[in-house]
Every structure is written in structure tokens, then in C-alpha cells.
Amino acid sequence: MSTGEPKDTAPAPESAGGQRPANPGPAADPNPRAQALQRVGRRSRQRSAPVPAPADFPSTGARPIVPPGPASAKQPRSPGTADRSGVVPGRPAPGRTPSGVPAADAAPADAAAAGKDHGRRLLGRLMNSESPPTQAFSIVDRLVGSPYANPTIQVGTQDASARKTLEFALDLAEAMFRYGAGALEAETSIIAVTASLGLRNVEVDITNQSIHLNYAPHDAVPMSLLRVVRSRTNNYAGLALVHQLVTDIVADGVTRREAVERLRSIVRRPKPFPRWMVTAAGGAFAAMFVLFIGGTWQGAVTAFLSSLVVSQVAKLAGRWRIPEFFSTAAGAFVVTGIALLLWVLSVPISPAMVVAGGIILLLPSSRFVSSVQDAINGFPVTAAGRFFSALIIYAALVAGIMTALVLGTLAGAQELNVASIETVPYPGWLLTVLMVLAVIFGAVSEQTARRMLVPTAGVALLGYLVYLGVQALGVGDRLAPALAAVAIGAAGRWVALRMGAPQLVVAVPAIVFLLPGLMIFRAMYGIAIQPEDVTTGLVQMFNAFSIILAIAGGVVFGDTLARPLTRGWHGNERRRIRRR
């Protein structure tokens with residue numbers, strides 16, 4: 001070879017006499033310097049190259065090539081040939097492992113090593129999460145657990161009409177906020193609608209009254225739109241229609257153009273009940289509630305008439321653009337003043353019962369429920385804003401009642417004994433009927449759709465039965481309303497999703513009989529008229545406020561408990577996301 005290195009060749013076969021012919025080796029190089037380099041190279045390879053183990057060669061009888069060494073070096077045996085001790089080279093001795101350890105001693109050690117390795121692998125799987133905690137997730141994952149889970153997503157659509165889609169999403173969310181929806185429901189609706197209409201990189205930020213949408217397509221100029229909701233109205237029927245519209249969009253049954261037209265028609269549609277019927281329903285609710293808590297028929301008629309006056313005061317305040325705080329305080333003042341006036345005129349009524357029935361519809365129960373729901377679902381700023389707004393309305397009620405009581409006392413009104421208020425013991429079946437009628441009239445005042453009135457009354461009846469049951473067990477007057485609210489929240493979600501409406505539409509009108517209107521009046525009377533009993537009045541006020549929050553929290557908790565049981569009821573809730 002031109003490199004001058006020796007070439008390994010197979011050994012020559014033995015002759016008939018058993019003598020092996022001499023290895024001719026490589027051809028001699030006439031250059032003495034080259035011969036010296038070849039000898040140095042052969043020596044270095046002899047020192048560094050290990051002798052191959054017999055087990056590395058196949059048992060075909062071929063012998064390994066052994067580097068030349070001293071004449072006294074023993075030639076290796078062929079594989080499979082035992083030595084004098086009976087041990088085959090390359091194989092472990094009987095009863096021993098390849099490392100020479102007895103097999104009996106090596107078995108526990110191997111098992112311990114295998115168990116230790118398995119423990120390390122299991123610990124590694126437990127310590128290492130499947131995804132890093134800071135890894136971004138898809139915005140569509142926010143729909144898990146909502147009625148719009150697994151929407152139909154458009155793929156490959158153009159972004160030329162992205163701004164129109166964002167504007168439609170803002171109009172949709174504004175309508176939901178105005179009709180009383182929570183922040184989570186508005187956010188999930190926006191995400192579901194934008195994803196279904198082909199916008200996948202939309203970020204939603206809801207803070208109190210503002211809705212901010214940001215769309216950042218790949219390799220394009222991002223878009224950012226903001227909308228502020230400055231007004232609200234009672235229209236649960238409209239909220240149910242918006243919910244159904246979102247469901248149809250997610251189920252791939254409505255295009256954007258059709259959705260815009262349907263939303264415009266929902267916003268412009270008249271409310272299901274005229275104004276006069278809502279006013280009459282509010283008065284009927286007050287009358288039924290007075291009878292439900294043990295008032296007389298004269299007291300029920302007084303509550304009905306005072307509620308009509310309060311409705312006119314609220315209508316006039318809205319026309320004059322008077323803030324809601326003062327209009328609510330004026331309503332509470334009118335109810336309390338009429339009750340005290342009739343009490344002075346010796347009409348057989350209980351002012352406490354009349355006031356308790358008159359202020360129930362003025363209590364911001366829906367705002368308390370929405371604020372607790374937003375706080376639990378991860379919208380602290382929005383929850384704080386709604387809670388503070390509800391607290392202001394609550395304070396307006398307190399101010400109106402207290403002002404009327406102080407003025408009545410200064411005018412010479414007889415002091416009331418609010419500690420022991422006489423009640424009329426009505427039979428249980430009549431109380432049940434009164435409660436159902438009160439809930440129906442309250443739902444009418446909230447502009448609930450006609451088809452939802454009877455299901456709402458049924459949910460309230462279930463909550464009332466739960467309330468009676470837990471009271472019979474001795475739970476107490478503070479915890480019993482919360483447990484009944486849990487049942488109403490769970491049943492309200494079940495009924496609402498069956499009827500194609502959000503849970504709030506059914507649950508809020510169904511909890512009105514649980515609100516502590518009589519406790520609020522007792523607390524205000526003790527604070528304003530009985531200075532020696534201010535501490536008791538403050539404690540009762542705190543208890544009333546705690547019961548309201550417990551009822552709101554119970555509704556949200558019941559809705560959360562019912563989510564796994566109502567999964568997959570909508571046509572849009574599929575196991576996989578369909579793409580088109």
C-alpha cells in the first residue's frame with residue numbers, strides 16, 4: 001500500500017503436517033527511513049490495541065487475529081472451548097453472574113437497583129409538570145365549563161372584515177352588560193363569537209364598565225377597540241335572546257351578517273311586558289311578600305299602594321336624570337312614610353311588615369349576585385365596582401328608611417316595638433302559594449320572558465322546600481338561606497340551560513323570598529329611634545348584609561356544582577372542536 005501500513009489478512013490454513021507457513025507480511029520497502037517508521041507504528045499498535053474477548057467472535061471456528069508478541073504468549077482458544085476447570089471463556093461460571101458475584105446474592109441487589117430506578121422515574125414525573133407554569137394557553141380554553149365550550153372555529157378566513165367582527169362582539173357584550181350579565185358570561189361570549197367567526201388572536205379585557213378587545217393577526221397591524229357601558233336596564237328576556245344568539249353562532253348556524261341583524265332586532269325589540277303591567281306586578285309582589293312574612297291583608301293592600309307610588313317616583317327621577325342613589329332613597333322614604341302615617345291613623349297594619357315588603361324589590365340582589373360571581377371567577381376590579389355600586393344602593397335604602405323614621409318621630413308618631421312584631425299564622429299551603437305568586441310577580445318586574453315564569457317559580461319552590469327542610473334540622477336562620485340558595489343556583493342552571501337562557505335569569509328572581517327585608521327595617525329602627533340599642537341595630541344590619549352575601553355566594557356555588565352535570569346539553573358543546 002502507498003501509506004506503508006500493514007494490512008490485516010486472514011491466517012493461512014495449516015499444512016498437512018500441522019505446520020503453519022510463515023507470514024510473509026507486507027512487502028519490504030527499500031527506503032530505510034520508511035522501514036523504521038513502519039516498525040515504530042507496529043510497536044505502538046501492539047501496546048494500545050486490546051486483545052478481543054473470545055465472546056466477541058462468532059462460534060464458526062475462525063480464530064481471531066492476534067498481534068505478534070513474545071514467542072511464549074499463549075494462543076487464545078476458540079469460542080465455546082472450555083479450559084481445564086470446565087469454565088467456558090466469555091461465559092459466567094455456574095451459579096455466578098457475569099461480574100463474578102454469586103447469583104443468590106445478586107438477585108436482591110438487582111431488585112433494589114431496579115426499584116430505585118423506578119422510584120427516580122416516578123419522582124421525576126411528579127416533579128416535572130407537563131407544561132411550564134408560565135406557558136401561554138389558547139384563549140379558547142377560557143370557554144371550558146361555559147355553555148359555549150368547544151365552538152365551531154372557522155379556518156382560513158380572511159381578516160379583511162376583522163374590524164366589523166370586533167365591533168359586533170363589542171355590541172354583543174354591551175347588550176349583555178346592560179341587561180345584567182356577569183363579566184365571565186360576557187367574556188366567554190366574546191371569545192366564542194370571535195373564534196367562531198374566524199378571529200383566533202383576540203384578547204379580551206373587562207374592567208368594571210369598560211370592554212377592551214385587542215386583535216393582533218400575524219404579520220399585520222393590530223387593532224384595539226374599547227367600549228364603555230354607562231347604563232343598565234331590567235330586561236332578562238333580552239339577555240336570554242342574546243344568550244341564544246351566541247349559542248347559534250357557536251353552533252355554526254348563523255353568519256356574521258345574520259348575527260348583526262338579529263342583535264339589532266333584539267336591542268330594538270320591546271320588552272315582554274308593558275310599563276303598567278310591570279308597575280302592577282311590583283305592587284302585587286309587595287302585597288304577596290307582606291302576607292308571606294305574616295302581615296295582615298290591610299298591610300298587603302298598603303304595600304301594594306305604596307309600591308305603586310314608589311314606581312311613579314322612580315319614573316319621575318329617571319326623567320329628571322336624578323342619580324340612582326337619591327331615587328332609591330326617595331322610594332324607601334315613601335314606603336316608610338306611608339306605613340308610619342297609616343300607623344298613626346290607627347289602621348290595623350304593621351309598619352315593619354309594610355316596609356319589609358316595599359323595599360324587597362329595591363334591594364340590589366342581582367348586583368350582589370353578579371359581584372360575588374365576578375369575584376369568584378377572577379374579575380376582582382369588576383367585582384369591586386359592582387359590589388360598591390350595590391353597597392351604595394343598600395346605603396340609599398338605609399338613608400331613606402332612617403330619614404322617614406326620624407321625621408315620623410319628630411311629628412309625634414308612636415314608637416314601635418320592633419323586637420316583637422305580631423304575625424298572622426297562615427297555613428303552610430297558603431304560604432307556598434303566596435311565595436310562588438310573589439316570585440312570578442317579581443320575575444315580571446324584571447322583564448323575564450313569559451315562557452320562563454313557570455320554570456322560575458318551580459325553582460323557587462324547590463328552594464323553599466330546601467329552606468324548610470334545613471330549618472327543621474335546626475340549621476339556623478343565617479345558614480338556611482345560604483343552603484336554599486345553593487339549591488336554587490344548581491336548579492336554576494339546569495332549568496336555564498334547558499330553556500336556552502343564562503342561569504342568572506332564573507336564579508335571581510327565585511331568591512327574593514330569602515332576602516331579609518324585615519331584619520333591615522328592625523336594624524334601621526334600632527339605629528335611628530332607639531339610641532340605647534344602637535349596638536343591637538348595627539349587629540342586625542351586619543347580619544342582614546351577611547345573609548345577602550351568603551345568598552349570593554350560594555347561588556354562585558350552586559351554579560358551579562351543576563356545571564359537570566349539565567355539560568354537553570347544548571348542541572355546541574361537543575367533544576372536539578369542528579373547523580370549517
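Here is a walk through a few helices, salt bridges and loop residues of this structure. Keep in mind that the model is predicted.

Let's start with helix α3, residues 162-178. Its 17 residues reach 24 Å from first C-alpha to last, close to the 24 Å expected at 1.5 Å a residue. Plenty of its side chains are tucked away: the buried residues include A162, L166, A169, A173 and F177. That list also has L170 and L172 in it. Just past the helix comes G180, with a positive phi near 105°.

Helix α7, residues 275-292, makes a nice companion. With 18 residues at 1.5 Å each step, α7 should span 26 Å, and its end C-alpha atoms are indeed 26 Å apart. Most of α7 is covered, with 14 of its 18 residues buried. Here too a glycine follows: G294 has a positive phi, near 105°.

Now for the charges. Side chains of opposite charge can pair when their charged atoms come close. Searching the whole structure turns up nine salt bridges. One of them brings E174 and R227 together at 2.8 Å, N to O. Because E174 sits in helix α3 and R227 in strand β3 (residues 223-228), this pair ties together parts that are 53 residues apart in sequence. E174 is partly exposed at 23% relative accessible area, and R227 is also partly exposed, at 22%.

Another salt bridge joins R493 and D559, at 3.2 Å from N to O. This one also links distant parts of the chain, with R493 in helix α15 (residues 479-498) and D559 in helix α18 (residues 534-562), 66 residues apart. Both R493 and D559 are buried. D559 has a second partner in R563, at 3.5 Å, N to O. R563 counts as partly exposed, because its relative accessibility is 21%, whereas D559 has just 4%. Shared partners also show up elsewhere: D171, E174 and R227 are joined into one network of salt bridges.

Not every charge is paired up like this. K271, R275, K315 and R319 form a positive surface patch. R319 belongs to helix α8, residues 297-319, and counts as exposed at 57% relative accessibility.

Finally, have a look at two loop residues with backbone angles worth checking. S346 has a positive phi of about 65° despite not being a glycine; you'll find S346 in the loop between α9 and α10. Q447, another non-glycine, has a positive phi near 60° and lies in the loop between α13 and α14. Their surroundings contrast: S346 is exposed at 62% relative accessible area, while Q447 is buried at 6%.

Conventions. Residues numbered from 1 in each chain as written. Predicted model: local features only at pLDDT ≥ 70, side-chain atom pairs only at ≥ 80, totals over all residues. Heavy atoms only, no water. Patch = residues over 30% accessible without salt bridge, like charges linked within 9 Å, V, L, I, M, F, W, Y side chains within 5 Å. Areas by Shrake-Rupley, 256 points an atom, 1.4 Å probe, with all protein chains shown as cover. Salt bridge = Lys/Arg side-chain N within 4 Å of Asp/Glu carboxyl O. Lys, Arg positive; Asp, Glu negative; His and termini not counted. Charge placed at Lys NZ, Arg CZ, Asp CG, Glu CD. Helix = DSSP H or I, 4+ residues; strand = E, 2+ residues; numbered from the N terminus. Buried < 20%, exposed > 50% of the residue type's maximum accessible area, 1.4 Å probe, protein only. Expected span 1.5 Å × (residues − 1).
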